[in-house]
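Welcome! Let us look at a structure together and ask what lies behind the words used to describe it.

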Amino acid sequence: MQSAASGWGNGLLGVIIFSGSLPATRVAVGGFSALFLTSARAVIAALIGIIVLGLLRQARPQRGDLASLTIVSLGVVVGFPLLTALALQHITSARSIVFIGLLPLATAIFAVLRGGERPKPLFWLFAVLGSATVAGFALSNGGAASLAGDLLMVAAIVLCGLGYAEGAALSRRLGGWQVISWALLLALPLMVPVAVWTLPPTWSGIGTPAWIGLAYVSVFSMFVGFIFWYRGLAIGGIARVGQLQQLQPFFGLALAGFLLHEPVAWSMIAATALVVVCVFFARRFA
């Protein structure tokens with residue numbers, strides 16, 4: 001019982017932190033290019049990870065962990081940040097947040113493929129219904145939609161689900177913050193040259209909101225959030241605790257509406273609410 005409560009508590013904290021990622025990215029791409037934002041956030045988070053690993057004298061991962069850490073790096077260090085940053089150049093953060101409704105399904109699928117979990121058949125029924133709701137909303141909202149932005153978000157969700165499941169499975173042995181720290185360190189040789197190559201030609205035109213967005217996605221989205229999220233998934237079950245992402249659209253839509261003053265259509269709210277209902281029942285049968 002205590003383990004289950006700890007898993008849900010850590011998972012919820014991770015979801016709350018991640019809910020600010022897309023609005024912060026939306027603000028940050030107003031001052032930085034998508035490539036610079038992706039690489040800079042990874043470099044900053046990696047430096048934090050290196051300091052923590054050194055201070056706590058953590059042993060290096062085994063050679064057999066390298067493949068899993070590479071998948072985590074490609075999924076959550078490079079793939080998801082880059083694809084969402086590119087998508088947010090075409091769509092609003094409020095619209096992109098609706099696609100987060102696909103994350104529980106993607107995470108659950110990879111929990112089976114990579115984590116060895118076996119949810120009940122009814123779990124898949126509600127998970128697929130929730131995903132179909134998101135897809136239907138994206139296809140029906142033609143006037144405000146961007147095909148490029150929507151496809152980039154779908155690709156981002158697939159990579160993120162893979163990175164979540166792979167990292168959570170590895171966290172059972174290495175620990176949550178250790179996994180994200182080593183994954184960041186693994187990506188550092190690639191991210192540093194990209195960050196240098198994509199440096200803004202001038203810093204004078206970059207406003208304070210863009211800097212705040214960069215700071216948030218670097219420290220909280222790229223490092224702190226994963227400490228709680230991977231621990232929650234590892235303790236409580238990847239498919240089960242992964243359904244807590246049903247709350248992320250609500251938190252994210254609220255942030256997009258109140259902090260960025262972006263229009264949040266009733267259709268977005270209705271689609272998100274229906275997704276939440278479907279994922280709630282999916283969680284019960286996980």
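Q: How many salt bridges does the structure hold?
A: This predicted model holds 3 salt bridges. Let us take them in turn.

Q: What makes arginine 173 and aspartate 65 a salt bridge?
A: The closest N and O atoms of arginine 173 and aspartate 65 are 2.3 Å apart. A salt bridge needs a side-chain nitrogen of Lys or Arg within 4 Å of a carboxyl oxygen of Asp or Glu, so the name applies. The pair links distant parts of the chain: arginine 173 belongs to helix H8 (residues 147-174), while aspartate 65 sits in the loop between helix H3 (34-55) and helix H4 (66-87), 108 residues apart.

Q: Why is arginine 173 called exposed or buried, and what about aspartate 65?
A: Arginine 173 has a relative accessible area of 52%, and exposed means over 50%, so arginine 173 is exposed. Aspartate 65 has 3%, and buried means under 20%, so aspartate 65 is buried.

Q: How do you know that arginine 114 forms a salt bridge with glutamate 166?
A: The closest N and O atoms of arginine 114 and glutamate 166 are 2.6 Å apart. The limit is 4 Å, so this pair counts too. Here arginine 114 in helix H6 (residues 103-115) is linked with glutamate 166 in helix H8, 52 residues apart.

Q: Which word fits arginine 114, and which fits glutamate 166?
A: Arginine 114 has 44% relative accessibility. Partly exposed covers the range between buried, under 20%, and exposed, over 50%, so arginine 114 is partly exposed. Glutamate 166, with a relative accessible area of 5%, is buried because buried means under 20%.

Q: What makes glutamate 117 and arginine 172 a salt bridge?
A: The closest N and O atoms of glutamate 117 and arginine 172 are 3.2 Å apart, and the cut-off is 4 Å, so the pair qualifies. Glutamate 117 lies in the loop between H6 and helix H7 (121-140) and arginine 172 in helix H8, so the pair ties together parts that are 55 residues apart in sequence. Glutamate 117 is buried, with a relative accessible area of 15%, whereas arginine 172 counts as partly exposed at 41%.

Q: Which residues have the most contacts inside the largest nonpolar core?
A: They are Val77, Tyr164 and Tyr230, in a core of 69 residues. Leaving aside neighbours within four places in sequence, tyrosine 164 is in contact with residues including Phe18, Leu103, Trp229 and Tyr230. Another core, of 13 residues, lies apart from the largest one and has Ala24, Leu37, Ala85 and Leu214 among its members.

Q: What lines the largest cavity?
A: The count comes to 1 cavity of 30 Å³ or more, and about 130 Å³ of space lies in the largest cavity. Of its 14 lining residues, the closest to the centre are Phe18, Ser21, Phe80, Tyr164 and Ser221. Helix H2 (21-28), H4, H8 and helix H10 (208-236) each give two or more residues to the lining, with the largest share, 3 residues, coming from H10. The lining divides into 10 nonpolar, 3 polar and 1 charged.

Q: Why is glycine 236 called buried or exposed?
A: Glycine 236, found in helix H10, has 14% relative accessibility. Buried means under 20%, so glycine 236 counts as buried. The C-alpha atoms of glycine 236 and glycine 7 are separated by 4.5 Å, although these residues are 229 residues apart along the chain.

Technical notes. Residues numbered from 1 in each chain as written. Predicted model: local features only at pLDDT ≥ 70, side-chain atom pairs only at ≥ 80, totals over all residues. Heavy atoms only, no water. Helix = DSSP H or I, 4+ residues; strand = E, 2+ residues; numbered from the N terminus. Buried < 20%, exposed > 50% of the residue type's maximum accessible area, 1.4 Å probe, protein only. Core = buried A, V, L, I, M, F, W, Y, C linked by side-chain atoms within 4.5 Å. Contact = heavy atoms within 4.5 Å. 1 Å grid on protein atoms, 1.4 Å probe; cavity = no way out; pocket = protein on both sides within 12 Å on 5 of 7 lines; lining within 4 Å. Points joined across faces, edges and corners; volume = space filled by probe spheres on them. Nonpolar A, V, L, I, M, F, W, Y, C, P; charged D, E, K, R; others polar.
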